[in-house]
Amino acid sequence: MEGLPKLPGNDFANRLRQKHHVPQSFKYINGYPIPVRPECGLGGERLHEDSIQFCSTGNGNDTVLYDPILTYGRVRHLPVKPYQPHFVLFDQKTLNFSAFFRQAVPESATETYRIRYVNILYFLEDDTMTVLEPTIENCGYPQGRLVRRGRKLKVPAERDEFYTWKDLNIGINVEMHGYVFHITDCDAYTKEFLLSNGIELNEIELLPPDPAMNERSISQRQSFRHHKMYPATDDKLRKYLEYQGKVLHFDCVLDDRDREGGELMTYKLFYYLEDDTVSIKELKENQEGRDYFPMLLRKQKLPKNWKENPVSHPSIFVEKTDHEVSEYYSPKDLTVGSTIFVYGRKFLLLDCDGFTRSYYEKALKIVQPGRVTLDAPAPRTPRLDVPQYLGLGTPEDSLASHHSLVPKSPKKDVVTYLVNVNKFLRYGCVLDTAHPEDKVRRFVLSLSLADGTIQIMETTINNSGIRGGRFLSPRKVWLPGCDPNEPSYYTAKDLYIGATIVVFAHRFRIVSADLYVYRYMQAHPEMFAPIAIDSVRSYLLAEGHLNDDLRNATDEEYRKLMAETSAEPPVDEVQQRLAGFEVSKPGATSPVPVIASSPAPKPTEPVQHPCPHPIIPDEEIRKAYHTNEPEDLALQAYRDSEANPTPASPTHCDAKGKKTVRFQDSEDY
């Protein structure tokens with residue numbers, strides 16, 4: 001049996017085996033076969049090394065049924081790096097060598113050889129080489145790619161060995177297709193690659209000079225003309241290229257008040273340095289009541305004496321050439337305070353811009369004088385005054401219809417609107433009137449911080465005969481006594497508890513406020529007066545909405561007192577008893593002792609314990625105390641104290657279970 005080949009049917013180890021196929025040992029990744037370790041044996045059976053019966057005892061008789069992994073743990077194998085083909089690992093990686101070769105020139109009387117500089121590129125992805133020659137202008141021979149890309153055989157070529165990157169180094173000769181290239185240097189990446197692979201580089205060599213190029217440079221320097229280095233003054237092309245786009249700006253004035261109907265008109269004078277031309281532009285303030293002429297003088301050269309004609313100039317011709325004009329205006333003739341003549345008109349130069357001043361100081365070494373001031377001209381007829389507000393629409397809309405035939409909507413403060421969108425300050429109000437039937441009415445005033453509009457809602461009172469709802473739609477409300485043409489509106493600083501506002505002849509007195517109002521005042525104390533903040537704080541303290549703030553303030557004062565007491569030196573018993581008393585001013589309340597050994601008791605009067613003023617961001621205030629639902633501030637209607645006695649707590653719940661702020665008796669105000 002031992003001599004039989006291991007073929008299907010000759011193996012008696014497992015006679016019941018039905019599958020005899022060999023497991024695969026290759027896998028295809030990105031189209032390339034990669035060798036892998038088989039996961040199973042013949043026919044899909046488990047390998048012996050993976051079985052728990054592979055180990056046996058020392059005598060080799062009994063099989064030990066155990067898994068070594070359960071005892072010693074699984075062996076940690078280092079992660080195997082993924083296989084990458086050679087052309088993927090060295091993709092777009094090239095070695096660059098600087099080299100030269102010597103080319104003979106047999107049929108020349110001036111030179112016998114030339115030195116040509118080339119770059120040898122070695123591509124690591126497929127071990128190919130190419131030779132490129134940099135282009136030199138007017139060299140007399142073709143340049144570019146000297147050797148096409150491909151694998152190059154070594155010399156001699158009997159062994160069919162190709163050049164590799166291990167054969168390249170500085171200071172060696174490389175022969176390709178009959179050219180012998182001498183390598184002198186390489187780039188930084190090539191040096192790093194060769195040194196990292198254990199190749200020691202030779203010393204860098206200098207490129208030898210080319211005799212033909214040296215003679216060419218010498219002849220060029222000898223034949224260089226003197227006028228090219230120092231161009232003549234009449235070189236128009238050089239002057240145009242040097243001063244293109246550079247213009248001298250002057251403010252000038254034309255005074256024609258000495259003649260009938262003449263006025264004092266201002267102009268702008270431009271002097272173009274590129275071609276020494278002058279143009280004068282008319283300003284917009286001179287176009288009122290006159291025909292539109294954008295340019296008083298088109299761009300041209302301006303002669304100093306336009307009436308001076310040479311003897312040979314015929315009188316039938318009006319235009320003159322440059323040969324017939326004796327002198328034109330130049331930058332030296334234009335200074336601030338001087339007068340120039342433009343075809344019989346006198347222009348006084350008043351001022352110039354910063355570029356003009358710097359040009360005169362650097363190029364001409366001339367310092368321009370300061371600005372020339374003239375007497376103010378006679379005042380013109382004033383424009384029509386803005387008409388008074390007629391009461392139709394808002395004053396801003398009426399003013400827009402005055403400025404334009406097609407009215408435009410007034411501009412709004414978009415930044416303020418986006419910052420304060422959906423932010424409202426709500427107050428409880430009562431009517432300040434002498435009519436007894438209006439004293440039971442209760443209102444909610446909402447001030448929008450986004451656009452400054454005020455909305456007033458009236459609460460419904462059962463069996464009162466007054467229907468609640470919207471009393472005033474959102475709009476801006478004027479301050480009493482303001483100018484109708486330039487009105488002033490109510491803002492957040494004008495609203496506080498105890499203030500009286502007038503809304504279209506209705507007087508409202510603010511008697512309560514939302515908790516969000518106090519939080520907003522804490523976050524923006526610079527917008528409100530101290531009396532406004534104190535009025536809202538006193539109301540909320542009386543209503544019991546600032547218990548947490550009082551508790552935090554009391555704890556903070558107690559900690560400060562304990563710290564001061566522990567730091568003070570021991571005193572006698574009399575001083576210790578008098579330490580908690582303070583001498584108050586005349587007319588103030590009696591001093592309250594502070595006992596350091598016990599915590600401060602809860603105050604009975606909230607006014608004596610001021611609330612701290614933390615700076616709270618607007619976003620946190622809106623999340624904690626504010627919502628856009630109008631039901632959040634439901635004001636309880638006034639009820640008779642005898643019929644419905646007020647509970648001890650300052651807040652109570654309505655039918656929906658929400659806490660509301662009760663109105664105090666109007667007699668308290």
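Two strands count as paired when DSSP finds at least two bridges between them. With that in hand, welcome to a tour of this predicted model.

**Figure 1. The whole protein, with its helices and strands, opens the tour.** The predicted model contains 14 helices and 23 strands. The protein has 669 residues, and 28% of them count as buried. Its accessible surface comes to about 47,400 Å², with 54% of that belonging to carbon and sulfur atoms. If you take the contacts between residues at least 6 apart in sequence, 50% of them join residues at least 24 apart.

**Figure 2. Strand 1 and strand 2 make a hairpin.** Here residues 26-29 form strand 1 and residues 32-35 form strand 2; the two run antiparallel and are joined by four bridges. To follow the pairing by eye, start at lysine 27, whose bridge partner in strand 2 is isoleucine 34. Two residues lie between the strands, and asparagine 30 in the turn has a positive phi of about 55 degrees.

**Figure 3. Six strands build an open sheet with antiparallel pairing.** Reading across this sheet, the strand order is 6-5-4-3-8-7. Strand 6 (144-150) and strand 7 (173-176) are the edge strands, and each of them pairs on one side only. On average, neighbouring strands of the sheet are turned by 30 degrees against each other, with direction ignored. Helix 3 (residues 188-196) lies across strand 3 and strand 8 (179-186). The helix runs at about 110 degrees to strand 3.

**Figure 4. A closer look at strands 3, 4 and 5 shows how they are joined.** Strand 3 (residues 94-104) and strand 4 (residues 113-123) run antiparallel, with eleven bridges between them. Two places help you find your way along strand 3: serine 98 stands opposite asparagine 119 in strand 4, and alanine 99 stands opposite valine 118 in strand 4. As a general point, side chains in a regular strand alternate between the two faces of the sheet. Strand 4 also pairs with strand 5 (residues 128-133), in the antiparallel sense and over five bridges. Asparagine 119 appears here again, as its bridge partner in strand 5 is leucine 132. Strand 4 and strand 5 form a hairpin with four residues between them. In the turn of this hairpin, aspartate 127 has a positive phi of about 55 degrees.

**Figure 5. Aromatic rings gather where tryptophan 165 meets phenylalanine 193.** A search of the whole structure finds 16 aromatic pairs. One of them is formed by tryptophan 165 and phenylalanine 193, an edge-to-face pair at 5.3 Å centre to centre, with 70 degrees between the planes. The pair links distant parts of the chain, 28 residues apart: tryptophan 165 belongs to the loop between strand 6 and strand 7, and phenylalanine 193 belongs to helix 3. Is tryptophan 165 buried or exposed? Tryptophan 165 is buried, because its relative accessible area is 18%, under the 20% cut-off. Phenylalanine 193 is buried too, with a relative accessible area of 11%. Ring pairs also bring in other residues, linking Phe90, Trp165, Tyr189 and Phe193 into a cluster.

**Figure 6. Two lysines lie over tyrosine rings.** The charged end of lysine 299 sits over the ring of tyrosine 272, at 4.3 Å from the centre of that ring. Lysine 301 lies over the face of tyrosine 328, and here the distance to the ring centre is 5.5 Å.

**Figure 7. Another open sheet of six strands has antiparallel pairing.** Its strands follow the order 18-17-16-15-20-19. Strand 18 (469-475) and strand 19 (500-503) stand at the edges; each has a single partner strand, so one side of each is left without a neighbour in the sheet. From one strand to the next, the twist averages 30 degrees. Within the sheet, strand 15 (residues 424-431) and strand 16 (residues 443-448) pair in the antiparallel sense over six bridges. A handy starting point is tyrosine 427, whose bridge partner in strand 16 is leucine 445. Which helix packs on this sheet? Helix 10 (residues 515-523) does, touching strand 15 and strand 20 (506-513). The direction of helix 10 makes about 125 degrees with that of strand 15.

Methods. Residues numbered from 1 in each chain as written. Predicted model: local features only at pLDDT ≥ 70, side-chain atom pairs only at ≥ 80, totals over all residues. Heavy atoms only, no water. Buried < 20%, exposed > 50% of the residue type's maximum accessible area, 1.4 Å probe, protein only. Contact = heavy atoms within 4.5 Å. Areas by Shrake-Rupley, 256 points an atom, 1.4 Å probe, with all protein chains shown as cover. Axes fitted to C-alpha atoms, helices over the stretch in contact; angles between N-to-C directions. Phe/Tyr/Trp six-rings, centres within 6.5 Å; stacked < 30°, edge-to-face > 60°. Lys NZ or Arg CZ within 6 Å of the ring centre and 35° of its normal.
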